[in-house]
Amino acid sequence: MKRIFFVFLPLLPLFAACGQAAEEEDAINIYAATSLQDSLESMEEELETALGTDVTFTFEGSGTLQEEIAGGTDADIFFSASNTSMDVLEEEQLIDQESRQNVLANELVMIEKCW
């Protein structure tokens, strides 16, 4: 499980920037695609320790989260599994274009029986 944390370690500056805003609020609100739930929840304690504040996760499909953000929900960080959802939010000027980063990727792997 610790390996997952190191994958997200390069993101700590991004989380830290949100941590400054969170000093005035109760927690950093992280909206993420359902496919990231296990990974993010496994590093919750490490994130809270590194940031010095609580984090709150909301997991749904990327399209659903995009609609919630467009509707005005309070999301500090959005991990989308869909470039289209991010494109829509960017076109609507609901995200800071300079803060958008592609940090994770999925890859389809085919496994064939060898024997």
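**Stop 1: the aromatic pair**

Start by selecting Phe 57 and Phe 59, which form the one aromatic pair in this structure, a predicted model. Show both side chains as sticks and look at the rings. Their centres are 5.4 Å apart and their planes meet at 25 degrees, so the pair is stacked. The cut-off for stacking is an angle under 30 degrees between the planes. Are these two residues buried or exposed? Phe 57 is buried, and Phe 59 is buried too.

**Stop 2: the whole chain**

Now zoom out and colour by secondary structure. The protein chain contains six helices and three strands. Going along the sequence, you will pass them in the pattern α-α-β-α-α-β-α-β-α. Of the 115 residues in the protein chain, 30% are buried. If you switch on a surface, its accessible area is about 7900 Å², and carbon and sulfur atoms contribute 47% of that. Among contacts in the chain with a separation of 6 or more, 63% join residues that are 24 or more positions apart.

**Stop 3: the sheet**

Hide the helices for a moment and keep the strands. The three of them make an open sheet in the order β2-β1-β3, with parallel pairing. At the edges you will find β2 and β3, each of which pairs on one side only. Turn the view to look along the sheet: the twist averages 20 degrees from one strand to the next. As a reminder, strands of a sheet pair through backbone hydrogen bonds, and the pairing can be parallel or antiparallel.

**Stop 4: strand β1**

Select residues 27-33, which are β1. How many residues of β1 are buried? Seven of the seven are, so the strand is largely enclosed by the rest of the structure.

Next, look to either neighbour:

- Towards β2 (54-60), β1 is joined by seven bridges, and the two strands run parallel. To find your place, pick Ala 27, which stands opposite Asp 54 in β2.
- Towards β3 (77-79), there are three bridges, again with the strands running parallel. Here, Tyr 31 has Phe 78 as its bridge partner, and Ala 32 stands opposite Phe 79.

**Stop 5: helix α4**

Bring the helices back and select Glu 48, in helix α4 (residues 44-51). Leaving aside residues up to four places away in sequence, Glu 48 touches Thr 53, Asp 54 and Val 55. You have already met Asp 54, opposite Ala 27. For a distance to try in the viewer, go from the C-alpha of Glu 48 to that of Ile 28: the two residues are 20 apart in sequence and 9.3 Å apart in space.

**Stop 6: helix α5**

Move on to residues 62-70, helix α5. This helix lies across β1, β2 and β3, and runs at about 140 degrees to β1. Which residues of α5 are buried? Select Ser 62, Leu 65, Gln 66 and Ile 69. They span an arc of only 105 degrees around the axis, which puts them on the same side of α5. Follow that side outwards and you will see what it packs against: β1, β2, β3 and α6 (83-91). Before leaving, click on Gly 72, just after α5, where phi is positive at about 105 degrees.

**Stop 7: helix α6**

The last stop is α6. Its buried residues include Ser 85, Met 86 and Leu 89. Look down the helix axis: the buried residues fall within an arc of 95 degrees, so they line one face of the helix. That buried set packs against α5 and β3. Now rotate to the face turned away from the buried side, where the exposed residues Thr 84 and Glu 91 sit.

Finish with Ser 85, which lies in α6. Why does Ser 85 count as buried? Its relative accessibility is 5%, and the limit for buried is under 20%. Show its surroundings: setting aside residues up to four places away in sequence, Ser 85 touches Ser 62, Gly 63, Gln 66 and Ser 80. Ser 62 and Gln 66 should look familiar, as they are among the buried residues of α5.

Note on methods:
Residues are numbered from 1 along each chain as its sequence is written. This is a predicted model: local features need pLDDT of at least 70, side-chain atom pairs count only at pLDDT 80 or more; totals for chains, interfaces and linings use all residues. Side-chain values use heavy atoms; hydrogens and water are left out. Rings of Phe, Tyr and Trp (its six-membered ring) pair if their centres lie within 6.5 Å; planes under 30 degrees apart count as stacked, over 60 as edge-to-face and the rest as tilted. Buried means under 20% relative accessible area, exposed over 50%, partly exposed in between (1.4 Å probe, protein chains only). Helices (H or I, at least four residues) and strands (E, at least two) are DSSP runs, numbered from the N terminus. Contact means heavy atoms within 4.5 Å. Accessible areas come from the Shrake-Rupley method with a 1.4 Å probe; for residues, only the protein chains shown count as cover. The arc is that of the directions from the helix axis to the C-beta atoms. Two strands pair if DSSP finds at least two bridges between them. Axes are lines fitted to C-alpha atoms, for helices over the stretch in contact, and angles run from 0 to 180 degrees between N-to-C directions.
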